[in-house]
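Student: I should like to learn how to read the principal features of a protein model, one at a time. Could we begin with the one shown here?

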Amino acid sequence: MAQEVTKILSQEEVLSQLKTRGYEEGFQRTPLRDFWGVLEGYTGEMRSGQNAPYLVVIYTFNSVEVIESTEPYTMPTAQLEIPHSAKAKTKMGYWGDSIDKIINAGVPLDVPQDQAKNQDYLLGKMGRYKLMPGNMIWNTQAREERPVECWKLIELREGTGPIAGTPTTPGAQAESSILLALKLLDGKTEQQWHQEVFVNPIVKADSALVNNIISRQFLKPFELAGTVTKDAKGIYTVKM
């Protein structure tokens, strides 16, 4: 039976529902199982379900480089459909968490979503996306959690190489530019920190981070969270 589409949502409307963190405790229409692709955009469809309408987020990718597929795949574009949910143990929850671990690496988990990067940060960037097994999701009919395959971001790339701090293989953990910037801050005044942080090659490669430091936006969420404090002499302490 064909699914009924009741409303098409714009990219802005979908973004207001998306996040990479703050989750409470899809649909597989592509043969792709592992690929590189540039996120071109996302839209949403409200579909009718058994109990109520629900939102499905459709992510569109271009410049696709296939790593694994269940059948030959030669198209340069791809789409992933993920049912929206605000809960952690869902396909959207695992998806958002995988993105958060990469784009917000080093940002304390208690920093709220409005002070962290959201999924629109991936737009125009080349990422590696993989269908990963073993994610526990509640099965209503069985009345228990069961392992489910879920799409996850496992690597992010700008230009021709990986972004500093992103894993190059599943499970790998590299030092992020954000974490490095915080380590350089510890025990220094802001002026002393600037003399080191702006010449560090890993930090310099992250233009968004450099801009945040210059505009004095970088430290605010860490200070609010108590991760970064400053004494009367202007010397910062970082609690990692």
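Tutor: Let us start with the hairpin. This is a predicted model, and a hairpin of 6 residues joins strand 2 to strand 3.

Student: How many bridges join strand 2 to strand 3, and do the strands run parallel or antiparallel?

Tutor: Strand 2 (residues 32-47) and strand 3 (residues 54-69) are antiparallel, with 13 bridges between them. To follow the register, take Met46, whose bridge partner in strand 3 is Leu55. Strand 3 also pairs with strand 4 (residues 78-83), again in the antiparallel sense, over 6 bridges. In that pairing, Thr60 stands opposite Gln79 of strand 4.

Student: What general idea helps in reading the side chains of a strand?

Tutor: In a regular strand, side chains alternate between the two faces of the sheet. For a particular position, consider Ala78, which is found in strand 4. Its relative accessible area is 4%, so Ala78 is buried.

Student: Which residues does Ala78 touch, not counting those up to four places away in sequence?

Tutor: Ala78 touches Leu32, Tyr59, Thr60, Phe61, Val64 and Tyr73. A separation in sequence may also be set beside a distance in space: Ala78 and Pro31 are 47 residues apart in sequence, with their C-alpha atoms 9.9 Å apart.

Student: How should I read charged side chains?

Tutor: Side chains of opposite charge can pair when their charged atoms come close. Across the whole structure, a search finds 9 salt bridges.

Student: Which residues are linked with Arg47 in a network of salt bridges?

Tutor: The network links Glu45, Arg47 and Glu81. Between Glu45 and Arg47, the closest N and O atoms are 2.8 Å apart. Glu81 and Arg47 also form a salt bridge, at 3.2 Å from N to O. Because Glu81 lies in strand 4 and Arg47 in strand 2, this pair ties together parts that are 34 residues apart in sequence.

Student: Are the members of this network buried or exposed?

Tutor: Glu45 and Arg47 are both buried. The relative accessible area of Arg47 is 3%. Glu81 is buried too, with a value of 9%.

Student: Where do the partners of the salt bridge between Arg216 and Glu190 lie?

Tutor: The side chains of Arg216 and Glu190 meet at 3.4 Å, N to O. Arg216 is in the loop between helix 6 and helix 7, whereas Glu190 is in helix 4, so that the pair links distant parts of the chain, 26 residues apart. Arg216 counts as exposed, at 55% relative accessibility. Glu190 counts as partly exposed, at 21%, and the cut-off for buried is under 20%.

Student: What is the general idea behind a nonpolar core?

Tutor: In soluble globular proteins, nonpolar side chains tend to be buried together. Here the largest nonpolar core has 28 residues, and those with the most contacts inside it are Tyr59, Phe61, Trp95, Tyr129 and Trp151. The elements giving two or more residues to this core are strand 2, strand 3, strand 4, helix 2 (91-103), strand 5 (126-139) and strand 6 (144-158).

Student: Which residues are in contact with Trp95, leaving aside its neighbours within four places in sequence?

Tutor: Trp95 is in contact with Tyr59, Phe61, Leu80, Ile82, Gln119, Tyr129, Trp151 and Lys152. There is also a second, separate core of 20 residues, which includes Leu180, Leu209, Phe222 and Val228.

Student: Why is helix 3 described as largely enclosed by the rest of the structure?

Tutor: Helix 3 (residues 177-185) is so described because 7 of its 9 residues are buried. They are Ser177, Ile178, Leu180, Ala181, Leu182, Leu184 and Leu185. Their cover includes helix 4 (190-197), helix 5 (201-204), helix 6 (207-214), helix 7 (220-225), strand 8 (228-230) and strand 9 (236-238).

Student: Which residue with positive phi follows helix 3?

Tutor: That residue is Gly187, with phi near 80 degrees.

Student: How many helices and strands does the protein have, and what percentage of its residues is buried?

Tutor: The secondary structure comes to 7 helices and 9 strands. Of the 240 residues, 44% are buried. The accessible surface is about 13,000 Å², and 51% of that surface belongs to carbon and sulfur atoms.

Definitions and conventions:
Residues are numbered from 1 along each chain as its sequence is written. This is a predicted model: local features need pLDDT of at least 70, side-chain atom pairs count only at pLDDT 80 or more; totals for chains, interfaces and linings use all residues. Side-chain values use heavy atoms; hydrogens and water are left out. Two strands pair if DSSP finds at least two bridges between them. Helices (H or I, at least four residues) and strands (E, at least two) are DSSP runs, numbered from the N terminus. Buried means under 20% relative accessible area, exposed over 50%, partly exposed in between (1.4 Å probe, protein chains only). Contact means heavy atoms within 4.5 Å. A salt bridge is a side-chain nitrogen of Lys or Arg within 4 Å of a carboxyl oxygen of Asp or Glu. A nonpolar core is a set of buried Ala, Val, Leu, Ile, Met, Phe, Trp, Tyr and Cys residues joined through side-chain atoms within 4.5 Å. Accessible areas come from the Shrake-Rupley method with a 1.4 Å probe; for residues, only the protein chains shown count as cover.
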